[in-house]
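Open the model in your viewer and keep the selection panel at hand. The stops below go from the whole chain to single residues.

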Amino acid sequence: MTWTLPNILTALRLLAAPLIAVMFLYFSRPYADFTAMVLFILASVTDYFDGYLARRWGQITKLGTMLDPIADKAMVVIALMVIVGYSSMSPWLVLPATLILFREVFVSGLREFLGDTAGTLKVTKLAKWKTATQMVAIAVLFSQGIFEHYLGMWSWGMDQELVGQILNGDLPDELGLKAMYDGMIWSGYAGLILLWIAAFLTFVTGVDYFRKAAPYLKD
């Protein structure tokens, strides 16, 4: 094993993936959402730098080539599992998440079956855009949880009518409830839109990989 700096960054990203879920075991919300979001963003940033440094320094290795897609998939799968698990199970969230999870497992299975010929399923530019869109969508959805719980914390003890009057501007908003509410709504919409875009790219790249693998599946 060649432990270059790019490989170390990739390994750290792989280790960060399960920690995203662990945050919700040891922290209450919204602090769990915040720490998970920060951890996810930092890990996502390494996804760019490890590949960039490996190419720039001529340190592309078999270890890094193997670990990089595994780390990406682990981050996305675990983060989506956490988000769906703590959501209201809305079909607008569950459907794209299911499509993404299915594709990642399916393509991993194809690569394992192809073995030495798995080079036919090299990562394309569209697949990289897919991964980037997934990561941005997940980060935005984590932020939605932060806005939602701060809104709940700051409006604790208020009746629904009072909260409505504050949000409508009929009463002074001394606690900043309107900002938390707007943040919750807009981050929720933005996260879902990005997740559906990611699901579409996931479907397209999955079909492309299957088409490339089809000649080896005739048996």
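This tour moves from the overall fold to the core, one helix, a few buried residues and the surface.

**Whole chain**

Start with a cartoon of everything. This is a predicted model. The protein has 7 helices and 0 strands. From the N terminus the order reads α-α-α-α-α-α-α. Turn the C-alpha trace along its principal axes: it spans about 65 × 40 × 30 Å. Now colour by burial. Of the 219 residues, 41% are buried. For contacts with a separation of 6 or more, 80% join residues 24 or more positions apart. Switch on the surface next. The accessible area is about 12,700 Å², and carbon and sulfur atoms hold 70% of that area.

**The main core**

Select Phe 24, Phe 40, Leu 80, Ile 100, Ile 138, Phe 142 and Leu 195. In the largest nonpolar core, which has 32 residues, these touch the most other members. Which elements give two or more residues to this core? They are α1 (5-26), α2 (31-56), α3 (62-85), α4 (91-114), α5 (125-154) and α7 (177-213). The largest share, 9 residues, comes from α3.

Centre on Phe 40. Beyond its neighbours within four places in sequence, Phe 40 is in contact with Ile 20, Met 75, Ala 79, Met 135, Ile 138, Ala 139 and Phe 142. Then look for a second, separate core. That one has 7 residues, including Leu 151, Leu 167, Leu 177 and Met 180.

**Helix α4**

Select α4 alone. Its 24 residues reach 34 Å from first C-alpha to last, close to the 34 Å expected at 1.5 Å a residue. Show side chains for Leu 93, Pro 96, Ala 97, Ile 100, Arg 103, Glu 104, Val 107, Leu 110 and Leu 114, the buried residues of α4. An α-helix has 3.6 residues a turn, so residues three or four places apart point the same way. Bring back the neighbours: α3, α5 and α7 are among what covers the buried residues of α4.

**Two buried residues**

Go to Gln 134 in helix α5. Is Gln 134 buried or exposed? Gln 134 counts as buried because its relative accessible area is 1%, under the 20% cut-off. Outside residues up to four places away in sequence, Gln 134 touches Val 76, Ile 100, Glu 104, Ala 198 and Thr 202. Two of these, Ile 100 and Glu 104, are also among the buried residues of α4.

Move to Ala 36 in helix α2. Ala 36 has a relative accessible area of 0%, so it is buried. With residues up to four places away in sequence left out, Ala 36 touches Ile 20, Met 23, Phe 24 and Phe 142. Draw a distance from Ala 36 to Ala 97. Their C-alpha atoms are separated by 18 Å, with these positions 61 residues apart along the chain counted as the offset.

**The α1–α2 loop**

Select Arg 29 and Pro 30. A cis peptide bond joins this pair, with omega about 10°. Most peptide bonds are trans. Pro 30 sits in the loop between α1 and α2.

**A nonpolar surface patch**

Finish on the surface. Select Leu 25, Tyr 26, Phe 27, Tyr 31, Met 153, Trp 154 and Leu 175, which make a nonpolar patch of about 780 Å². Helices α1 and α5 each supply at least two of the patch residues. Trp 154 lies in helix α5. Trp 154 is partly exposed because its relative accessibility is 33%, between the 20% and 50% cut-offs.

Note on methods
Residues numbered from 1 in each chain as written. Heavy atoms only, no water. Core = buried A, V, L, I, M, F, W, Y, C linked by side-chain atoms within 4.5 Å. Buried < 20%, exposed > 50% of the residue type's maximum accessible area, 1.4 Å probe, protein only. Helix = DSSP H or I, 4+ residues; strand = E, 2+ residues; numbered from the N terminus. Contact = heavy atoms within 4.5 Å. Patch = residues over 30% accessible without salt bridge, like charges linked within 9 Å, V, L, I, M, F, W, Y side chains within 5 Å. Areas by Shrake-Rupley, 256 points an atom, 1.4 Å probe, with all protein chains shown as cover. Salt bridge = Lys/Arg side-chain N within 4 Å of Asp/Glu carboxyl O. Expected span 1.5 Å × (residues − 1).
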